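The following questions and answers concern the structure shown below. Each answer closes on the value or name requested.

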There are 2 protein chains.
Amino acid sequence: MVNIKDVAKIAGCSISTVSYALNDDKRIPEVTASRIRKIADDIGYLPLAAARNLKKRNSNTVLVAISDFGGPVYHELLDGIHQELTKHGYTMIVSTGSSTDNLLKERMADGTIISDINISNQTLIQISKILKPIIILDRKVHDTDIVDMTIDNYDAMYRLTEDVISKGYQKIAYCHGVKKTHDNEYRFKGFLDALKKHDLNISDEYVGNFTKQSGSKIAKKLIKTNQIPEMIVCSNDEMAIGIMEVLQESGYNIPNDIGVSGFDDIELASYCIPKLSSVRINRFEWGRKIAVTMLSLLKKHKTDVHKEQGELKIRDSY
Amino acid sequence: MVNIKDVAKIAGCSISTVSYALNDDKRIPEVTASRIRKIADDIGYLPLAAARNLKKRNSNTVLVAISDFGGPVYHELLDGIHQELTKHGYTMIVSTGSSTDNLLKERMADGTIISDINISNQTLIQISKILKPIIILDRKVHDTDIVDMTIDNYDAMYRLTEDVISKGYQKIAYCHGVKKTHDNEYRFKGFLDALKKHDLNISDEYVGNFTKQSGSKIAKKLIKTNQIPEMIVCSNDEMAIGIMEVLQESGYNIPNDIGVSGFDDIELASYCIPKLSSVRINRFEWGRKIAVTMLSLLKKHKTDVHKEQGELKIRDSY
DNA sequence: ATTAATAAGTGAAACGTTTCAATGATGTTA
DNA sequence: TAACATCATTGAAACGTTTCACTTATTAAT
């Protein structure tokens, strides 16, 4: 494997000269530098990451840890992060599961963006003591060494609920996702506050786990007990779609008999029938903002963190 | 940052002893080893990847380079690769775009699995000379240093076409994706051979680019010129869905007026109306097999490469 | 002509590991 | 008891870079 020594030998100069030349140090005159660059290029030399990282004590790399590679949700987010990071000369690597553990512990990256629900707050705080900076997504970890970034769930759900109310719905139920999650909590709070603002009370509440199956299950129970509200506001799209499907199979017409709304605006939301009203987050933009925050953390700047706003996508489901 | 020296100091022994102990070298008696492990654990020591990699000249890491994070196609594939890799003590990292370039050039990983259409064969061959092993997906690069793995496009499309023919269709057209791609070529060849086997000729052929839009465009032209075949076999699902949508908007009934088939079995295939007949690849399994191949390449074993078979998903679109 | 300043280049230390080769201590064999 | 294995441990070299501190050559300033 070709290394810096080989370049130096061919160029007839010292290792340090090569290193300086390749790192654009101004002490090497352009004529020499370009000659060395040419040689390096010719023999295909590139500094070995391990050696460079060891010496420089950084890797110019940001790790993004995600729960799994599923879902279109991550797609745009990762693309957004990637664009911004590479624009500033950083390399992005993505990992899941136990790979994440290894990468974190061995300090393969300079900074970490975590969107992995399988990593506990406790582990997170522990890691944050030896490895900074860390940005955690969609969760609040109250620790000085961790920066948490979330979308503005509260505000978006507040506005969605107001829109629902403006359509004349009165008996409005809420379908929770996993209850103690940040997403669910803030969405629910926004929902409740909008209700209160218009002097309404919640008509009923159910608890699912963000999956379509859990939505179906809830709808089945509703039908059995005949406790159908006028409208069900759901904590996310998948549950909403599960609910809609079961309701329709039992002959209910949506939105005439009952309205349903979701959150996230997954691709399916505009394909299912009726098209699901939801909240869209521009995750590409959000990813970029996350990256910007990470970049300034890497430069040890103090940054105030941004909350991404949601956009109401009102379609045909209520 | 805590390093091996710190552990040695606390343990009252040499650096080498710590290193051997932590690497389970049998020359360190268990009693000493466990004492050292305990100390390392207590102070949160873990070997720095950069240093270890530099010395050992490997990183226990496999890089998976993908075109983008979009699409459910990658999801299962990556999960499959990941599961197998971590089971054998390897770490998986994923990258796109320019990040991939950096990671490759700086030799951050021991092995690379490439599924990125933006990397040219030429670049690939160039890289393969200084960086091995490399597995390339869904493409044939005829080079001794590169292992290419593809799904069995030919066979799956052959069987799908036979099924189409068995339903009585005679005037069967083909809708290409990007023409020179491996996927398209072999699918088309399978299609043609099945036709020939049953003494049929291709009725017509169109060229799209694997996107829904290109499918729509093709369908529009078909309607305008009134050249509608009995059946259109498409190189992938997205084009098939684009074609179906436009055809339906113009009043054609699918499958009564015309049949359509896809390939890939994307999620939407079972949601669109009518449900699209397609070919499903178990990409999780395929990912695992890719990883197995990579692992044996890393051990410098000779391996014969596997071709993943597709499963016919016959639904309502023909 | 002397001194000072600048330019171009270099030698060697350091980063944190792993691992070879060596050491001394202990036990075993004849 | 001498010779020899075995065991536990260690010092130091090496991996491929970057970068500090230094040298030598050249130019500028007086």
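Q: By class, how many residues of the surface near DNA strand C are nonpolar, polar and charged?
A: The model is predicted. In this model, 27 residues lie around DNA strand C. By class, the surface near this strand has five charged residues, eight polar residues and 14 nonpolar residues.

Q: Which element gives the largest share of the surface near DNA strand C?
A: Two or more residues each come from α2 (15-22) and α4 of chain A, and from α2 (15-22) and α4 (49-56) of chain B. The largest share is five residues, and the element that supplies it is α4(B).

Q: Which residues are closest to DNA strand D?
A: DNA strand D is surrounded by 27 residues. Elements giving two or more residues to the surface near this strand are α2 and α4 of chain A together with α2 and α4 of chain B. The closest residues are A:I4, A:S16, A:S19, B:C13 and B:S16.

Q: Which element gives the most to the surface near DNA strand D?
A: By class, the surface near DNA strand D has 14 nonpolar, eight polar and five charged residues. Five residues of this surface come from the element that gives the most, α4(A).

Q: How do the residues of the side of chain A that touches chain B divide into nonpolar, polar and charged, and how many are in each class?
A: The contact takes 37 residues from chain A and 37 residues from chain B. On the side of chain A, the elements that give two or more residues are α4 (49-56), α5 (72-87), β2 (91-95) and α6 (97-105). The residues of this side divide into five charged, 13 polar and 19 nonpolar.

Q: With which residues is A:I135 in contact, leaving aside its neighbours within four places in sequence?
A: A:I135 is among the residues with the most contacts inside the largest nonpolar core, which has 164 residues. Nonpolar side chains tend to be buried together in soluble globular proteins. Leaving aside neighbours within four places in sequence, A:I135 is in contact with A:I113, A:I114, A:V147, A:M149, A:I290, A:T293 and A:M294.

Q: Does B:A291 count as buried or exposed?
A: B:A291 is placed in helix α12 (residues 283-298) of chain B. Not counting residues up to four places away in sequence, B:A291 touches B:I81, B:E84 and B:L85. Because B:A291 has 26 C-beta neighbours inside 10 Å, and 20 or more are required, B:A291 counts as buried.

Q: What separates the C-alpha atoms of B:A291 and B:H88?
A: Along the chain, B:A291 and B:H88 are 203 residues apart. In the model, their C-alpha atoms are separated by 9.8 Å.

Methods: Residues numbered from 1 in each chain as written. Chains lettered and ligands numbered in written order. Predicted model: local features only at pLDDT ≥ 70, side-chain atom pairs only at ≥ 80, totals over all residues. Contact = placed C-beta atoms within 7 Å. Helix = DSSP H or I, 4+ residues; strand = E, 2+ residues; numbered from the N terminus. Nonpolar A, V, L, I, M, F, W, Y, C, P; charged D, E, K, R; others polar. Near = placed C-beta within 6 Å. Core = buried A, V, L, I, M, F, W, Y, C linked by C-beta atoms within 7 Å. Buried ≥ 20, exposed ≤ 12 C-beta atoms within 10 Å, placed from the backbone.
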